[in-house]
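Colleague: Could you take a close look at one part of this model for me, the aromatic side chains and what they bring together? I would like a connected account, with whatever else in the backbone and on the surface deserves a remark.

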Amino acid sequence: MSFIVLGIPTYNPRLISIGLQGSLGSLSSTGSLYTSDPDPSDIITWSGNVSRYASEPQQKNLFLQTLYEEQTGPSAVSNDADVVSPTLQREVHDKDRVECLEKGVQYWTDFSKVQYHPRSLYELHSSWTDVKQFDNYGTGKDVLSEGLQGEEMNERMRLFVEECDHVQGIQFILDDSGGFSGVAAEYLENIADEYTNTPVLLYTVRDPHAYIHAKSQKDSITRSLHDAVSFSTLSSYCKLMVPIGLPSLSRSKLSSTLHVEDQKLFHCSAVYAAALHSISIPFRMDMRGPTVNTAYVSGAVDVGGIIQMLAGQGRQNMVATLDVAMPAPSLTGSILRSLNSLTPEVEEDVDDSQALESLITHGMLHAGRRASLSEVNDSIVAAYDCEMSKPKFSHASVSLCPLPIPLPFPSIFRSCVGRQGELLETPTEMTQTKGSLDIDSIPMAARLRSSRAVMPLIMKRLENLRKFGMQRGALGGGLLQNWGFGREEIEDMGEVMAKMVMQLDPHSQGSSGSDWD
């Protein structure tokens, strides 16, 4: 969507971002299009004394400082102490900005170049000062139990929906490892009630920190029940769920081309964001139909179409895996065999003749150049023909445009990756990793797959709910009650997951009935 600022069209994502207070770093919750905050003394309905308490604003890092000056020009006048002078701007090199990001990212806004709509960024009005305490479903549920925050969030959704000519669906990205699961469940329930026929595609994303071993048995049980409750509840308010987030990217199969430092969320988020960008490309293609091709794209499909492909036919499994090749090999290699899962707790290399797939490639290379649509489509057909186990249904979307690697993309590529994303037979001798100064763009391949591979993930959550929350004398029974769940609600959660297991494997013992004694 576009916004007019000082007569200049400014494009903003149609986005609602919800976080804790203080999670925006140096960015205001009204975005960067407007910089002036209202003065409490201007409120004419109050005639009493006014006390003002203000915390010191977060300082912009070097990247944001130079970005500000690039956007406003060296002649811009500002009273902000954290804005760099024109003289400093000329002395700053791109390598300095790269180093600044690699060493000093604290907030996601530290590397964001986007201009946000004034109603896009929402901070929860709560007293949470330690995010470590906001770590389970119950704490998140409590946040919206008082006040009008839920209605404020719903109003923002209505604003953006009303500005759409047509809503093809809602993509919902959630960190489900802590309290935001409870917040999201309330929000998604309202969306389901208000926009009944609008499909919701839910990505539940976790960073490696979420897999740190629990310090005590109580913490372990709390985490197990949180995962079970979150998974079951959230699945009730969406049409397709895609769990994302490995315990370690540095030890994954992607490590052959990527050097990711797991402790840096700046690194991890780049991989997951690139994958989400890739699989959502078909939603942004010219929607003249999945069989209508242009000179640059083929296989366009909307959110509802992807959901229908993967969850609306066959076994109607609503939990899909996400696989990615980053960068993707040239067409002389195997696209399918280069894909690596970003979904945790799944069975790898599972043969499933009932699997359903949606494959997206963009910017593919062939013989040192960008491959044409026909070359890519022929290569995909050949790749499937060579597979011993073929899916029941597959759909391919192709775009000629590669994934750009601009500042502030992190330096996570190994020396075997070339400037255009090609995989070099003779890697360069540089010992440092490559980033935006060394690589212009890369080809990408990503796949959403509905298959039995998700069985371990679902079974683990079902078994933990039964063990810690449903059996007689279960150690977590009181915890679930504190979270506001009664016996019938807990049993319903178990039945939801048992049904998922039964759809994937009708003979599985995990699909048996109630475990209440």
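Modeller: I will start from Phe485, which counts as buried because its relative accessibility is 8%, under the 20% that serves as the limit for that class. Please keep in mind throughout that this is a predicted model.

Phe485 belongs to one aromatic cluster together with Tyr137 and Trp483. The structure as a whole holds seven aromatic pairs. In one of them, the rings of Phe134 and Phe180 have their centres 5.1 Å apart and their planes at 75°, so this pair is edge-to-face. Phe134 sits in the loop between β4 (121–124) and α4 (137–143), while Phe180 is in helix α6 (residues 180–194), so the contact ties together parts that are 46 residues apart in sequence. Phe134 and Phe180 are both buried. Another pair is that of Tyr137 and Phe485, which is tilted, with 5.6 Å from centre to centre and 40° between the planes. Because Tyr137 lies in helix α4 and Phe485 in the loop between α12 (477–482) and α13, this pair ties together parts that are 348 residues apart in sequence. Tyr137 is buried as well, with a relative accessible area of 3%.

Helix α13, which spans residues 487–504, contains Glu489. Glu489 joins Glu488, Asp492 and Glu495 in a negative surface patch, and with a relative accessible area of 40% Glu489 is partly exposed.

The backbone also calls for some comment. Most residues other than glycine have a negative phi, and most peptide bonds are trans. Against that background, the peptide bond from Met326 to Pro327 is cis, with omega near -5°, and Pro327 is found in the loop between β9 (321–325) and β10 (340–341). A cis peptide bond also joins Leu407 and Pro408, where omega is about 20°; Pro408 lies in the loop between β15 (403–404) and β16 (441–442).

As for phi, Gln316 has a positive value near 55° although the residue is not glycine, and Gln316 lies in the loop between α9 (303–311) and β9, where it is partly exposed at a relative accessible area of 45%. Ala367 likewise has a positive phi near 55°; Ala367 is found in the loop between β12 (365–366) and β13 (369–370), and with a relative accessible area of 69% Ala367 is exposed.

How values were computed. Residues numbered from 1 in each chain as written. Predicted model: local features only at pLDDT ≥ 70, side-chain atom pairs only at ≥ 80, totals over all residues. Heavy atoms only, no water. Patch = residues over 30% accessible without salt bridge, like charges linked within 9 Å, V, L, I, M, F, W, Y side chains within 5 Å. Areas by Shrake-Rupley, 256 points an atom, 1.4 Å probe, with all protein chains shown as cover. Salt bridge = Lys/Arg side-chain N within 4 Å of Asp/Glu carboxyl O. Lys, Arg positive; Asp, Glu negative; His and termini not counted. Charge placed at Lys NZ, Arg CZ, Asp CG, Glu CD. Helix = DSSP H or I, 4+ residues; strand = E, 2+ residues; numbered from the N terminus. Buried < 20%, exposed > 50% of the residue type's maximum accessible area, 1.4 Å probe, protein only. Phe/Tyr/Trp six-rings, centres within 6.5 Å; stacked < 30°, edge-to-face > 60°.
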